Amino acid sequence: NDGTVDKFIGDAIMAFWGAPRDDDAHAVKAVRAALEMKQALAEFRGRQDGLDIRVGIGINCGPMSVGNFGSNQRFDYTVMGDHVNLASRLEGANKNYGTSILISEAVLDQLPGDIYCRFIDKVQVKGRQEPVNLFEPLFEGPPPPGIKAQISLFELGVAAYQGQDFKRAAAIFDQLHDQY
């Protein structure tokens, strides 16, 4: 999907799109790569007996510093900045929501209509004053039967929760759990 693998950090991989060459489709390519990675991991888990590997992927876009950073003795071609940090925060937030891919609203705004996402939450992440809307990309292409109704009901549950109508939120999430 035309990404650039930046580095391996322990058990993490950092990649970016849109550099060194500009790419107007950087956001959609990043989300497609994430969805393909999620599918490949599901297929891998299906072939393994009892091995349950999970991933968290965070995707954000915005102005970033791109280039060679470091010193004369050691430097790396990488990206840095507030929007890179937000992507890292989104990656870590997956654990809280039981998701594997979280994207920012800036990414969502650049996606075509055939990539279906659901609203997850509005959170204030470390290092940011303003809360950030989180979305989970679910799939690309024609939706499976009933998925739009599921997404709508889920988002009603989130809205009830955010409005502090916890009984209604619990009833909606219980209904989703029982049905799906």
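Which residue's side chain meets that of D6 in a salt bridge? In this predicted model, the partner is K7, with a nitrogen-to-oxygen distance of 3.3 Å. D6 counts as buried because its relative accessibility is 15%, under the 20% cut-off, whereas K7, with a relative accessible area of 27%, is partly exposed.

This pair is part of a set of eight salt bridges in the structure. Side chains of opposite charge can pair when their charged atoms come close. The side chains of E136 and R118 meet at 2.7 Å, N to O, and this pair links distant parts of the chain, since E136 lies in strand 8 and R118 in strand 7, 18 residues apart. Both E136 and R118 are buried. K29 and D23 form a further salt bridge at 2.8 Å, and these two residues are linked with D2 in a network of salt bridges.

K29 also belongs to the buried residues of helix 1, among them A27, V31, L35 and L41. The end C-alpha atoms of helix 1 (residues 26-47) are 32 Å apart, which agrees with the span expected for its 22 residues. The buried residues of this helix pack against several elements, including strand 3, strand 6 and helix 3.

Strand 6 contains S104, which counts as buried because its relative accessibility is 2%. Beyond its neighbours within four places in sequence, S104 is in contact with I59, N60, C61, L90, N133 and F135.

At the surface, V5, F8 and I13 make a nonpolar patch of about 360 Å². V5 is found in strand 1 and, at 53% relative accessibility, counts as exposed.

How values were computed:
Residues are numbered from 1 along each chain as its sequence is written. This is a predicted model: local features need pLDDT of at least 70, side-chain atom pairs count only at pLDDT 80 or more; totals for chains, interfaces and linings use all residues. Side-chain values use heavy atoms; hydrogens and water are left out. Patches are made of residues with over 30% relative accessible area and no salt bridge: like charges are joined within 9 Å, nonpolar side chains (Val, Leu, Ile, Met, Phe, Trp, Tyr) within 5 Å. Accessible areas come from the Shrake-Rupley method with a 1.4 Å probe; for residues, only the protein chains shown count as cover. A salt bridge is a side-chain nitrogen of Lys or Arg within 4 Å of a carboxyl oxygen of Asp or Glu. Helices (H or I, at least four residues) and strands (E, at least two) are DSSP runs, numbered from the N terminus. Buried means under 20% relative accessible area, exposed over 50%, partly exposed in between (1.4 Å probe, protein chains only). Contact means heavy atoms within 4.5 Å. The expected span of a helix is 1.5 Å times one less than its number of residues.
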